[in-house]
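User: I have a new model open and want a quick tour. Can you walk me through it?
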Amino acid sequence: MNVVVVGSGIAGLTAALHAAEAGHRVTLATKGALGDGCTGYAQGGVAGVYGPHDSAEQHAADTITAGAGLSDVDAVEVLVRGAADRIAELITRGVAFDRDVDGRLLLGHEAAHSHARIVHAGGDATGTAISRVLVASVRGGSRIGVVEHAMLIDLIVAGDTVRGIRLLVDGVIDVLDADAVILATGGAGCLYAHTTNPEGTTGDGIAAAIRAGAAVSDLEFVQFHPTVLSMGSPFLISEAVRGEGATLVDDAGRRFVFDTHPDGELAPRDVVSRAIARRAAEQGAPVRLDATMLGAGRLSRRFPTIDRVTRERGLDWSTRPVPITPAAHYLMGGVQTDLDGRTTLRGLYAVGEVARTGVHGANRLASNSLLEGAVFGARAASALGDPWREWQAAAPPRQVAAPVAAHASFERAALQHLMWDRVGLLRDTHGLETTLGTVRAWAAAATTPTTVCEHEDANLLLLAEATASAALSRVDPVGAHYREPAPAPLLEAV
Ligand SMILES: Cc1cc2nc3c(=O)[nH]c(=O)nc-3n(C[C@H](O)[C@H](O)[C@H](O)COP(=O)(O)OP(=O)(O)OC[C@H]3O[C@@H](n4cnc5c(N)ncnc54)[C@H](O)[C@@H]3O)c2cc1C
C-alpha cells in the first residue's frame, strides 16, 4: 500500500515507522525539518504504570476525571493499556529514560495523577530524547521516503475517498498520490497570542480535514498550561516542578490556588490556569512560581533545561519565585477518529494532537499526549492492512462551502489577541459572538493564499471560526471550556 504520513512529531514518526515495518511504501512529508513540532519541546514525560501500587485502572480513572467525564471510555482503555508496549518500544529504539541507581525507571508526579507515573529523559528533556531517537530510526535504513519543508495544503478527495495530498514545496504545488493518508500535523496553539507551541503549529491538518469534509469536534476544549515564564518568549515550566513541591504565590506570598480547589497547585490545569489569571488580574501583576524550597542542586539535576533557561533570562529560581502566566498549550479536539485512527473520510487517518480520539474529553491529563501519539500512531499503522471500516462519528462534519482563504484582510497577531481575549481562558456569549462576527468579516474580505504564511493564516482563520462557534454552542462550562454564566433574565414588572 502507498501510504503518505504528514507530520514528524511522535505521532507521525511512530506511524511511519510502524507502517514501513509492516511492509507499506511510506512517504513522510513534513512542514519543517524532520522532527519539528511540539514533540521536541515536551519536558515532563510520558505517562505509564510502573509503581507498585499503581494500575491501568487508576490511570484510566485519572484520565477520565481530568477530562471532566467527557472522555470516551474505550479510547481511554486503549491508551492506558497501550502504554507499557509503546514505552518499551521507545526504550528498545534507544530512548534512555532516567533511572535510579538500581536501573529502575524514575517516575515523576504531575497534577491530577493519583500516582507518580511519568517516565522522563534527560530530566526535563523527554521530547528531545524521543524525537532524536525516532528521527534517527526513520533516517537510518527504514526505507521511508522523507520530504522536508513541504506544507500540506489540502487533501485530494475523489467521491468519499482520500486519494492523496497537495503540498507546497519551494513555492510550487506538488501532488502525492496515496492509498492512505495519515494526518499527524499536531495542534493549533498559534491561534492564541500566548502559547507554549512552536511557530508553525497552525492547525493545518484540522483545517484541511474540515475543507475535505471530515468530521471534527471538541475544538472548544483548548488547554491552557498554568506555568509559562512571563519574561521573554513563552517558555514552559513543567508541571513536574509543582509535582516536586513548588507552589504558586501571589504578591503577598500567599498560596491562593487552595481558595478554589482542595488540591491546590496540583488541581487540574484549567482550574489552576483560571485561578492564576484571576489573581493576576486582581493584583495587576503576574503571580509567581516558588521553587526555592527544592534547592539549587535538585533544580539543576532534575530540571536542567528549565534551570538553564531561567538563568539565561537573569532569574535564579533557586532563591526567588519567578513570574509566570498561563498560555495555550494543547488542543483536546480535532479530527474525529475511531480507535484505530480512522476518520470519517475513507482512506484518511489522524493520529496525535490533530486527532480527537476521545481520550482527553474536556481536558487532558498531563503526559497523556506523547503517549496518545505513540499508541494511536502505531494502531493506525497496523490498521492500514485491514479493510476500511465505516463508523459513526459523534458530531457531523462541518459544512464549509468553499476553502476559506485569507490574506491581506487581517494581521495574524490581531487574530491571536482576539482569540486570547475572547475565546481563551474565560469566555462569555458576547465575546464569542463578536469574535465570530470579526472573523467572518475577515474571511469574507480574504484573497487566495499562495505562500506558507498565507496558507497558515487561512487555516488559523478557519480554526478561529470553528473554535468560537464550538465554544458558543457549548453553553455550560465544562473542563477547559469556561463560560461566564449568562446574566439572569430580567423579571417583568407586575
Ligand atoms: C512546551 C511543551 C511541553 C510539553 N510537554 C509534554 C509532556 O511532558 N508530556 C506530554 O505527553 N505532552 C507534552 N506536550 C504536548 C505534546 O508535546 C504534544 O501534544 C505532542 O508532541 C504532539 O505530537 P504530534 O506528533 O501530534 O504533533 P507535533 O509534535 O506537534 O508534530 C506535528 C508535525 O506536523 C508537522 N506539520 C504541521 N503542519 C503541517 C503541514 N501543513 N504540512 C506538513 N507538516 C505539517 C510539523 O512540522 C510537525 O512535524 C508538551 C507540549 C509543549 C508545546
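Analyst: Start with helix 7, residues 269–283. Helix 7 lies across strand 12 (222–229), strand 14, strand 15 and strand 16 (322–331). Its angle to strand 12 is about 55 degrees. Axes are lines fitted to C-alpha atoms, for helices over the stretch in contact, and angles run from 0 to 180 degrees between N-to-C directions. Helices (H or I, at least four residues) and strands (E, at least two) are DSSP runs, numbered from the N terminus.

User: Before we go on, what kind of model is this, and what are the ground rules?
Analyst: This is a predicted model, where local features need pLDDT of at least 70, side-chain atom pairs count only at pLDDT 80 or more, and totals for chains, interfaces and linings use all residues. Residues are numbered from 1 along each chain as its sequence is written, and side-chain values use heavy atoms, with hydrogens and water left out.

User: Back to the strands. What is the order in the five-stranded open sheet?
Analyst: The order is 13-12-16-15-14, with antiparallel pairing. Two strands pair if DSSP finds at least two bridges between them.

User: Which strands stand at the edges?
Analyst: Strand 13 (235–236) and strand 14 (247–249). Each has a single partner strand, so one side of each lacks a neighbour in the sheet.

User: How many bridges join strand 14 and strand 15?
Analyst: Three, in the antiparallel sense. Strand 15 covers residues 287–290. There, Leu289 is the bridge partner of Leu248.

User: Switching to charges. How many salt bridges in the whole structure?
Analyst: The search finds 36. A salt bridge here is a side-chain nitrogen of Lys or Arg within 4 Å of a carboxyl oxygen of Asp or Glu.

User: Which parts of the chain does the Arg356 one tie together?
Analyst: Arg356 pairs with Asp218, with the closest N and O atoms 2.9 Å apart. Arg356 is in strand 19 (residues 355–356) and Asp218 is in the loop between strand 11 (216–217) and strand 12, so the pair ties parts 138 residues apart in sequence.

User: Is Arg356 buried or exposed?
Analyst: Buried, at 14% relative accessibility. Asp218 is buried too, at 13%. Buried means under 20% relative accessible area, exposed over 50%, partly exposed in between (1.4 Å probe, protein chains only).

User: And what does Arg93 pair with?
Analyst: Glu21, at 3.0 Å, N to O. Arg93 sits in helix 3 (residues 73–93) and Glu21 in helix 1 (residues 10–21), 72 residues apart. Arg93 is partly exposed at 23%, whereas Glu21 is exposed at 53%.

User: Which residues form a salt-bridge network?
Analyst: Lys31, Asp204, Arg412, Glu456 and Asp457 are linked in one.

User: New topic. Where is Asn368?
Analyst: In the loop between strand 19 and helix 10 (369–383). Asn368 is buried, at 0% relative accessibility. Its side chain makes a polar contact with the side chain of His59, at 2.9 Å. A polar contact is a pair of N or O atoms within 3.5 Å; within protein, one must be able to donate a hydrogen and the other to accept it, and residues adjacent in sequence count only if both atoms are side-chain atoms.

User: What else does Asn368 touch?
Analyst: Not counting residues up to four places away in sequence, its contacts include Ala47, Thr63, Leu79 and His360. Contact means heavy atoms within 4.5 Å.

User: Last one. How many residues are in the largest nonpolar core?
Analyst: It has 57 residues. Helix 13 (residues 452–473) gives the most, with nine. A nonpolar core is a set of buried Ala, Val, Leu, Ile, Met, Phe, Trp, Tyr and Cys residues joined through side-chain atoms within 4.5 Å.
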